[in-house]
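Let's take a quick tour of this one, going from the packing inside to the way the strands line up. Have the viewer open as you read.

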Amino acid sequence: MKTLAAAVFSSICLSAHAQDWRVSSDQTVGGFKFPESAAYDPKGKVLYVGNFGGEKLAPAEKDGLGYISKVGLDGKVIEERWVPAKGGEAMNKPKGIWIAGDRLWVTDIDAVWIFDLKSKKGRKLALPGVGFANDPAVMGKALYISDNRNDKLVKVEPADFLDAKNPTVTEVISGMGYNPNGVYPSKTGILYFGGFLAADKPKNLYALGVSGQIKTVSDPLGRIDGLYEMKDGSILYTDWNSSSLSIWSEKTDKSHVLAAGFKGPADFTVIPNADGSLTAVVPDLVQSQLRFIQLRKN
């Protein structure tokens, strides 16, 4: 049995563990058109950034103005309109992006695209019943996609449907009050997802287990957008309520803000650096900017 002193010491250590990351630099890069997502390609050492395009923020409008930019790790645009190709099928509002191997997936209102990173060959797949496709993530052989406005989580099989004859779309969650937005596959085999509903209705972090059970893993945190699991199991997340990039620890069920001042903290990506630090590239959708936030341990 722990003594009181040992219990207090353990609590202090866990609290410190949850707060051992700090921001060492924070740089802003402009020149984007309502960027909602950024994803890191570790093979090519580049970023891909989804832009809504246009002159007004209209996340559900099918206006054909959306595109994905290829961007250097210094924030400089390499290819403004990497896809879609001119004269090809129009893209509307590219939201979450996921990259694995030579494939890139991006959601688009009621559909999801897949592209080959080398050839740019692409395919658009309709998502029946989905009206605000948000964040995609591959876990196993399935692609999971959230729709917070319609309170759904669906999966596409196979995940790599670029050349598949009959990909299937199946509802995993529907109308259960979770309002899933950010999704991220845990190294433990569960799928984390964060809820996003309204400023006065903060949502939690949840976990979808291998047998389909859903567990609430945190207290209400806010309007959760992007997610990323750290090596120690902590979760980085963007939150529209606190206008921040924050971190949450399961060991303490506590969260704290790492970087604030966003107007629209959206779906971000994380770049692991050789020295052990991390670079979080966080789009500010409302301000049409990317923020490159360097994170180091204390």
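What follows covers the cores, one buried residue and two sets of paired strands.

## The nonpolar cores

Keep in mind that this is a predicted model. Its largest nonpolar core takes in 56 residues, and the members that touch the most others are Leu143, Phe161 and Leu236. Phe161 is a handy one to click on. Setting aside neighbours within four places in sequence, its contacts include Trp105, Trp113, Leu125 and Pro167. Leu143, another of those top three, is also in contact with Phe161, and so is a charged residue, Arg123.

There's a second core too, separate from that one, with 14 residues. Among them are Ile68, Met91, Phe115 and Leu117.

## Ile145, up close

Where does Ile145 sit? Look in strand β11, which spans residues 142-147. Is Ile145 buried or exposed? Its relative accessibility is 1%, and because the cut-off for buried is under 20%, Ile145 counts as buried.

Its surroundings fit into a longish list. Beyond the neighbours within four places in sequence, Ile145 is in contact with Thr107, Val112, Leu127, Ala133, Asn134, Asp135, Pro136, Lys152, Leu153, Val154 and Val156. Val112 and Val156 turn up among the contacts of Phe161 as well. Tyr48 is another matter: 97 residues away along the chain, its C-alpha atom is separated from that of Ile145 by 18 Å.

## The β3, β4 and β5 strands

Strand β4 (residues 67-71) is largely enclosed by the rest of the structure, because 4 of its 5 residues are buried. On one pairing, β4 runs antiparallel to strand β3 (residues 46-51), with 5 bridges joining the two. To find the register, look for Asn51 opposite Tyr67 in β4.

β4 also pairs with strand β5 (residues 77-83), again in the antiparallel sense, over 3 bridges. Here Val71 stands opposite Val77 in β5. These two strands make a hairpin with 5 residues between them, and in the turn Gly75 has a positive phi of about 90°.

## The four-stranded open sheet

What is the strand order in the open sheet of 4 strands? Reading across, it goes β1-β24-β23-β22, with antiparallel pairing. The edges are β1 (21-29) and β22 (269-272), each of which pairs on one side only. From one strand to the next, the twist averages 25°.

For a closer look at one edge, follow β1 to its partner β24 (residues 289-297): 8 bridges join this antiparallel pair. Val29 is a good landmark, standing opposite Leu290 in β24.

Key: Residues are numbered from 1 along each chain as its sequence is written. This is a predicted model: local features need pLDDT of at least 70, side-chain atom pairs count only at pLDDT 80 or more; totals for chains, interfaces and linings use all residues. Side-chain values use heavy atoms; hydrogens and water are left out. A nonpolar core is a set of buried Ala, Val, Leu, Ile, Met, Phe, Trp, Tyr and Cys residues joined through side-chain atoms within 4.5 Å. Buried means under 20% relative accessible area, exposed over 50%, partly exposed in between (1.4 Å probe, protein chains only). Contact means heavy atoms within 4.5 Å. Two strands pair if DSSP finds at least two bridges between them. Axes are lines fitted to C-alpha atoms, for helices over the stretch in contact, and angles run from 0 to 180 degrees between N-to-C directions.
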